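Okay, thanks for coming, everyone. I'll put the structure up and walk through a few spots in it.

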Amino acid sequence: MKFGDWPTRAARFATILWAAILLALAPQAAHAQAATEAPVAAETVDAGAAADVTADAAGETDAADAAGGYEPLGPEWIKGQPTPGALDVQEQYSPIGKTATGLHVGLLWVMGVISLIVLALLIWVIVHYRRGANPTPSKTTHNTTIEVVWTLVPVLILVAIAIPSISLLTKQYESPPEDAVTIKVIGYQWYWGYAYPDNGGFEVISNMMPEDEARAKGFPAQLEVDNRMVVPVDTPLRIQTTAADVIHAFAVPSLWFKIDAVPGRLNERLLTIEEPGIYYGQCSELCGARHGYMPIAIEALPRDQWEAWVRTQPGGTVGGDEPDAAAAAGDAAATLEAGEAADAEAADPAAATN
């Protein structure tokens, strides 16, 4: 060995030693880099998953809010039902019912006055023309004045009755406006079905509630049902009736409403309810063995609560819901795409960078 070559040999040894050190440390550096990138990818995936969870939670919250906007009315809201021992018609809660009640009361007064006049005339004739007071009977055979009076007075009375009667009939069969809410009432043996073609086409089946259950809840037995016909107040309703088997009649006395439900035929009438509440009725056409056990229960709600009830029904929609649903679907699709992009970036960060 020559001492003049030792600097060259030292340089070569140092180079080899440095290369060995780098080779030994390379796996640890790669592991450290993977460990550094893993939290980033995990955070990205977690962000996508969190976005999905947030979207699901938002949807559930909206559904809960929609369902929470409706709560069935309790027995304290009952307004239209039969009263034991009552002599008059039920109190009316529709415009047509109030008009008809006024005519009904007016006719009662007319009949009462006529009955009193006839009774007074009978008493006067009995007393004045009895044998003791009038031993020689009158031989009068003709009196023009009396004949004119007893002909003209009944004619005037009938004309006075006919004018408001014709007006009432006209109002009862007035066509519903275009913006009326359509409800299709279907009579079955022996229950009712209520379809809402303007609000998604869903149908509610209504059966009489068991008597013990109705009494326990504070409702009248044989009148309360498991699912009521829910409608908005102060809103024109287009009530269409038909039947699936035999003729039924949809009648609610406190709303002055009655219309036949005939198989193969669609009858229609306008109904407007003025106050929130529960209104009971019954089938008024003999339809079979259980005719007396198919009651009608109408629940009238403010418009916003009724719309909330509609949204709780399967497929139930209210005007304007479709655009909102489309927007929600678009947002959900965008969220899903963002989550998929985040997942792809986490799986291949180099490709995402390129």
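So, to start: in which sense do strand β7 and β8 pair, and over how many bridges? They pair in the antiparallel sense, over five bridges. And keep in mind that this is a predicted model.

Let's stay with that pair for a moment. β7 covers residues 248-252, and His248 stands opposite Ala261 in β8. The hairpin has four residues between the strands, and Trp256 there takes a positive phi near 50°. Now look along β8, residues 257-261, where the side chains alternate. Phe257, Ile259 and Ala261 point to one face and are buried, while Lys258 and Asp260 point to the other and are not. That's the textbook pattern: in a regular strand, side chains alternate between the two faces of the sheet.

On to the core. The largest nonpolar core has 46 residues, and the ones touching the most other members are Tyr196, Met229, Phe250 and Ile298. Strand β11, residues 295-301, gives this core its largest share, five residues. If you click on Tyr196 and skip its neighbours within four places in sequence, you'll find contacts that include Met229, Phe202, Val204, Trp306 and Trp309.

Next, a polar residue: is Gln240 buried or exposed? Gln240 sits in strand β6, residues 237-243, and counts as buried because its relative accessibility is 14%, where the cut-off is under 20%. Its side chain makes a polar contact with the side chain of Glu268, at 2.9 Å. Beyond four places in sequence, Gln240 is also in contact with Leu266 and Asn267, and with the run Thr182, Ile183, Lys184 and Val185.

Now the helix, α2, residues 95-128. At 1.5 Å a residue, its 34 residues should span 50 Å, and the end C-alpha atoms are 50 Å apart, so that agrees. Its buried residues are Ile96, Gly97, Ala100 and Leu103. What covers them includes α3, residues 144-172.

Last thing, the cysteines. How many disulfides does a search of the whole structure find? Zero. Cys283 is in none, and the nearest cysteine sulfur to it, that of Cys287, is 3.9 Å away. Why no bond there? Because 3.9 Å is too far for one; the sulfurs would need to be within 2.5 Å. Cys283 counts as buried, at 6% relative accessibility, and so does Cys287, at 4%.

Okay, that's my tour. Over to you.

Terms used. Residues numbered from 1 in each chain as written. Predicted model: local features only at pLDDT ≥ 70, side-chain atom pairs only at ≥ 80, totals over all residues. Heavy atoms only, no water. Helix = DSSP H or I, 4+ residues; strand = E, 2+ residues; numbered from the N terminus. Buried < 20%, exposed > 50% of the residue type's maximum accessible area, 1.4 Å probe, protein only. Polar contact = N/O pair within 3.5 Å; in protein donor to acceptor, adjacent residues only side chain to side chain. Contact = heavy atoms within 4.5 Å. Pairing = 2+ DSSP bridges. Core = buried A, V, L, I, M, F, W, Y, C linked by side-chain atoms within 4.5 Å. Expected span 1.5 Å × (residues − 1).
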